[in-house]
Amino acid sequence: KLLDLAGGKDGEGGVAREVSASVAGLNRIEASIRDKVAHVGRIAELMEEKKNAIQREVAAADADHDDLLALVAKKDKEIHSLKLQLAVSRQKVRRHRTYSVAS
């Protein structure tokens with residue numbers, strides 16, 4: 001009975017079919033795994049591209065930030081200079097008033 005279940009009188013035909021079916025199944029599994037690995041590879045490439053794009057944006061934002069800090073420093077110096085000029089002008093006005101009142 002076991003030989004009949006195997007697919008032939010001597011059992012070799014049934015065993016060969018089972019081995020062939022097993023190999024075919026393994027080949028399908030291997031192909032599926034290869035497809036999945038390729039898909040993951042494509043996803044990794046896309047993620048790398050996205051990461052690089054974000055790094056470029058961050059670098060540009062850092063440069064903009066540095067430019068803004070430099071502009072703020074420049075304007076701060078200008079404001080300080082204007083305050084000094086205002087203080088000098090106030091002193092001149094006070095001296096002029098004092099001189100005008102004394103005359």
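This tour moves through the structure in a series of selections, from the whole chain to individual side chains. The model is predicted.

**Whole chain**

Begin with the entire chain displayed as a cartoon. Its secondary structure consists of two helices and zero strands. Select residues 12-102 to isolate helix α2. Next, switch to a surface representation. The chain has an accessible surface of about 9,400 Å², and carbon and sulfur atoms account for 62% of that area. Of the 103 residues in the chain, 4% are buried.

**Nonpolar patch**

Select L26, I29, I33 and V37 and show their side chains. These residues make up a nonpolar patch on the surface, and their combined accessible area is about 400 Å². Then center the view on L26, a residue of helix α2. Is L26 buried or exposed? With a relative accessible area of 55%, L26 is exposed, because the cut-off for that class is over 50%.

**Salt bridge E30 to R34**

A search of the whole structure gives three salt bridges, and the next three stops visit them in turn. Select E30 and R34 first. The two residues form a salt bridge in which the closest N and O atoms are 2.6 Å apart. Where do E30 and R34 stand relative to each other in helix α2? They are four residues apart, so about one helical turn separates them. In surface view, compare the two partners: R34 is exposed at 55% relative accessible area, whereas E30 is partly exposed at 37%.

**Salt bridge K51 to E48**

Move along helix α2 to K51 and E48. Their side chains meet in a salt bridge, with an N to O distance of 3.2 Å. Because K51 and E48 lie three residues apart in helix α2, the separation is about one helical turn. How exposed are the two partners? K51 is partly exposed, with a relative accessible area of 39%. For E48 the value is 39%, and E48 is likewise classed as partly exposed.

**Negative patch**

Now select D62, D64, D66 and D67. On the surface, these residues gather in a patch of negative charge. Center on D66, which is placed in helix α2. D66 has a relative accessibility of 47% and therefore counts as partly exposed.

**Salt bridge K75 to E78**

For the last stop, select K75 and E78. A salt bridge joins their side chains, at 3.4 Å from N to O. Both residues belong to helix α2, where they are three residues apart, about one turn of the helix. With the surface shown again, K75 appears as partly exposed at 41% relative accessible area, and E78 is partly exposed at 35%.

**Closing view**

To finish, display the selections together on the cartoon: the nonpolar patch that includes L26, the negative patch that includes D66, and the salt bridges of E30 with R34, K51 with E48 and K75 with E78.

Methods. Residues are numbered from 1 along each chain as its sequence is written. This is a predicted model: local features need pLDDT of at least 70, side-chain atom pairs count only at pLDDT 80 or more; totals for chains, interfaces and linings use all residues. Side-chain values use heavy atoms; hydrogens and water are left out. Patches are made of residues with over 30% relative accessible area and no salt bridge: like charges are joined within 9 Å, nonpolar side chains (Val, Leu, Ile, Met, Phe, Trp, Tyr) within 5 Å. Accessible areas come from the Shrake-Rupley method with a 1.4 Å probe; for residues, only the protein chains shown count as cover. A salt bridge is a side-chain nitrogen of Lys or Arg within 4 Å of a carboxyl oxygen of Asp or Glu. Buried means under 20% relative accessible area, exposed over 50%, partly exposed in between (1.4 Å probe, protein chains only). Lys and Arg count as positive and Asp and Glu as negative; His and the chain ends are not counted. The place of a charge is taken as NZ of Lys, CZ of Arg, CG of Asp or CD of Glu.
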